[in-house]
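Biologist: Could you take me through one part of this model up close? I'd like to hear how the pieces there sit against each other.

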Amino acid sequence: MKVLIVDDEDMIRNVLKEYVEFEGNEAFEAADGMEAVRLCRDNDYDIILMDVMMPKLDGFSAVKEIKKFKDIPVIMLSARGEEYDKLFGFEIGVDDYVTKPFSPKEVMARINAVTKRRSAASENTNPDVYKFEGLTVDMAGRNVYVDGEKAELTPKEYEILFYFIKNKGIALTREKLLYDVWGFDFYGDDRTVDTHIKMLRANLKQYRKFIVTLRGLGYKFEA
């Protein structure tokens with residue numbers, strides 16, 4: 001596995017590189033967001049560890065730029081743990097978020113969890129196209145159309161919507177969604193589910209009505 005470590009602090013890059021390589025992976029480094037974008041244009045990586053606060057180009061801006069041409073899983077590293085930062089990160093397609101100071105072992109566990117989820121999602125893609133009124137979901141092509149217009153969803157929003165459709169009509173608890181969509185080894189709580197479903201509903205516009213909230217329990221896809 002090729003891991004790109006992006007941080008303006010040499011010490012953090014060195015520590016993470018040591019752990020990444022210790023587990024048999026290849027580690028590559030960038031000291032700022034602009035360098036990270038250049039490296040991603042010329043090379044392929046399996047996952048990126050991206051610091052938020054950096055000179056020249058911050059981590060969020062770098063991720064947005066990279067996502068324009070490559071869909072690489074990203075784990076954000078930040079000294080700021082505000083909910084706004086995390087929500088913004090998820091909106092632009094970040095897969096996970098680690099607040100500094102962190103344990104390198106925890107970062108490695110999150111890397112393994114994210115890559116496992118991505119791998120499982122690609123292997124279990126259903127080739128069928130589903131239509132619910134003006135909502136069209138192409139699982140094989142990972143495309144969602146709202147009244148003929150393509151909806152720009154994050155990778156996690158695609159996974160949640162596909163999971164809902166595969167379990168149409170079934171009541172799903174937040175815990176089950178966390179376990180099946182994020183993975184049993186995800187480091188988070190059920191508020192993560194609510195946050196992502198809120199963003200998914202916004203992107204589905206009037207067809208948000210298909211995702212029904214079950215008070216005190218979770219959600220159900222009814223169409």
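Modeller: Sure, let's start with one residue pair: Val 129 has Asp 138 of strand 7 as its bridge partner. Keep in mind that this is a predicted model. That pair belongs to the join between strand 6 and strand 7 (residues 135-138), where the two run antiparallel and four bridges hold the pairing. Zoom out a bit and you get an open sheet of four strands, ordered 6-7-8-9 and paired antiparallel. Strand 6 (129-132) and strand 9 (149-150) are the edge strands; each has a single partner strand, so one side of each has no neighbour in the sheet.

Now for what lies over those strands. Helix 6 (residues 155-166) goes across strand 6, strand 7 and strand 8 (143-146), and its direction is at about 100 degrees to strand 7.

Further along the chain there's a helix pair to look at too. Helix 7 (residues 174-182) and helix 8 (residues 191-204) have axes that come within 9 Å and cross at roughly 80 degrees, which means helix 7 is roughly perpendicular to helix 8. On the helix 7 side, the contact uses Arg 174, Leu 177, Leu 178 and Trp 182, while helix 8 brings Thr 192, Val 193, Asp 194, His 196 and Ile 197. Sort the residues of that contact by type and you get five nonpolar, two polar and two charged.

As for confidence, the protein chain has a mean pLDDT of 88, with 92% of its residues at 70 or more. The lowest confidence is in helix 4 (residues 83-91), with a mean of 76, and the highest is in strand 2 (residues 26-30), at 97.

Technical notes: Residues numbered from 1 in each chain as written. Predicted model: local features only at pLDDT ≥ 70, side-chain atom pairs only at ≥ 80, totals over all residues. Heavy atoms only, no water. Axes fitted to C-alpha atoms, helices over the stretch in contact; angles between N-to-C directions. Parallel < 35°, antiparallel > 145°, perpendicular 65-115°, else oblique. Contact = heavy atoms within 4.5 Å. Nonpolar A, V, L, I, M, F, W, Y, C, P; charged D, E, K, R; others polar. Pairing = 2+ DSSP bridges. pLDDT = per-residue confidence, 0-100.
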